[in-house]
Amino acid sequence: MISFVNASSIGLNSNLSGSDNLEDRQNSLIQMQPIGYVHNKFKEAVFDENMYSSISHIVLKVELQDGLKNITDFSKIYVLFYFDRSEDYKLIQKRRYDGKMSGVFASRSPKRPNGIGLTLVELLEVKGNVLTVRGLDVIDGTPVLDIKPFIEDVTGDRVRPA
């Protein structure tokens with residue numbers, strides 16, 4: 001269940017969408033269709049550190065192949081995907097990489113309220129509608145929702161020092 005704070009109580013315009021009140025939209029659904037699927041050697045949803053250096057193939061729907069034009073201008077791409085076999089979630093969970101108890105939004109756990117994942121991968125090759133990448137930490141058959149180029153100068157990705 002989603003809870004809404006009265007936006008005006010925190011200094012925001014409650015009409016953030018520009019046309020309707022957020023409270024009226026709390027039960028609306030967002031529907032997406034996969035643009036393709038991942039194929040790799042990982043068949044089970046268990047942590048395997050080898051995923052971070054392994055090769056995967058993203059097979060895009062043929063009708064979307066033209067959308068890959070000039071994708072090879074980039075050495076890295078973001079892959080957005082859906083954790084279709086992940087069930088349930090906890091708001092507080094132990095992070096894998098440092099063992100710290102943290103909120104789900106401060107972790108990379110596949111157990112998330114909306115099951116959306118994001119990974120930055122190395123783009124190795126594109127042949128037709130198939131992208132070959134390294135470092136995609138998902139299992140075989142995972143639905144891909146979107147692909148975006150990584151542009152280092154724009155993102156300024158950095159981890160804040162502790």
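In this predicted model, strand 6 and strand 7 form a hairpin. Two residues lie between the strands. Gly-128 sits in the turn and has a positive phi of about 60°. Strand 6 covers residues 116–127, and strand 7 covers residues 130–134. The two strands run antiparallel and are joined by five bridges. Within this pairing, Glu-122 stands opposite Arg-134 of strand 7.

Strand 6 also pairs with strand 3, which spans residues 76–82. Seven bridges join strand 3 to strand 6, and the direction is again antiparallel. Tyr-78 stands opposite Leu-120 of strand 6. Strand 3 also contains Phe-81. Phe-81 has a relative accessible area of 2% and is therefore buried, the cut-off being under 20%. The C-alpha atom of Phe-81 lies 8.9 Å from that of Ile-147. These two residues are 66 positions apart along the chain.

The hairpin belongs to a wider arrangement. Six strands close into a barrel, in the order 1-2-7-6-3-8. The pairing in the barrel is antiparallel. From one strand to the next, the twist averages 45°. Strands of a sheet pair through backbone hydrogen bonds, either parallel or antiparallel.

Strand 1 (residues 36–39) has two partners in this order, strand 2 and strand 8. Four bridges link strand 1 to strand 2, which covers residues 55–60. Two bridges link strand 1 to strand 8, which covers residues 143–149. Both pairings are antiparallel. Gly-36 takes part on each side. Towards strand 2, Gly-36 stands opposite Leu-60. Towards strand 8, Gly-36 stands opposite Val-144. His-39 has His-57 of strand 2 as its bridge partner.

Strand 2 also holds Ser-56. The relative accessible area of Ser-56 is 0%, so this residue is buried. The Ser-56 side chain makes a polar contact with the side chain of Asn-40, at 3.1 Å.

Over the whole protein chain, eight strands and one helix are present. Their pattern along the sequence is β-β-β-β-β-β-β-β-α. The protein chain has 162 residues, of which 28% count as buried.

Several loop residues were examined next. Arg-95 is placed in the loop between strand 4 (92–94) and strand 5 (101–103). Arg-95 has a relative accessible area of 12% and therefore counts as buried. The side chain of Arg-95 makes a polar contact with that of Asp-98, at 2.7 Å.

Two loop residues have positive phi values without being glycine, namely Asn-70 and Asp-88. Asn-70 is found in the loop between strand 2 and strand 3. Phi of Asn-70 is about 70°. The relative accessible area of Asn-70 is 45%, so the residue is partly exposed. Asp-88 lies in the loop between strand 3 and strand 4. Phi of Asp-88 is near 60°. With 65% relative accessibility, Asp-88 is exposed, because the cut-off for that class is over 50%. The loops therefore offer examples of a buried residue in Arg-95, a partly exposed one in Asn-70 and an exposed one in Asp-88.

The second largest pocket encloses about 800 Å³ of space. Its lining comprises 26 residues. Closest to the centre of the pocket are Arg-112, Pro-113, Asn-114, Gly-115 and Ile-116. Strand 6 begins at residue 116. Grouped by class, the lining has 16 nonpolar residues, six polar residues and four charged residues.

Methods
Residues are numbered from 1 along each chain as its sequence is written. This is a predicted model: local features need pLDDT of at least 70, side-chain atom pairs count only at pLDDT 80 or more; totals for chains, interfaces and linings use all residues. Side-chain values use heavy atoms; hydrogens and water are left out. On a 1 Å grid over the protein atoms alone, a cavity is a set of points where a 1.4 Å probe fits but cannot get out, and a pocket is an open set with protein on both sides within 12 Å along at least five of seven lines; lining residues have an atom within 4 Å of a point. Grid points are joined across faces, edges and corners, and a volume is the space filled by probe spheres set on the points. Ala, Val, Leu, Ile, Met, Phe, Trp, Tyr, Cys and Pro count as nonpolar, Asp, Glu, Lys and Arg as charged, and the others, Gly among them, as polar. Two strands pair if DSSP finds at least two bridges between them. Axes are lines fitted to C-alpha atoms, for helices over the stretch in contact, and angles run from 0 to 180 degrees between N-to-C directions. Buried means under 20% relative accessible area, exposed over 50%, partly exposed in between (1.4 Å probe, protein chains only). A polar contact is a pair of N or O atoms within 3.5 Å; within protein, one must be able to donate a hydrogen and the other to accept it, and residues adjacent in sequence count only if both atoms are side-chain atoms.
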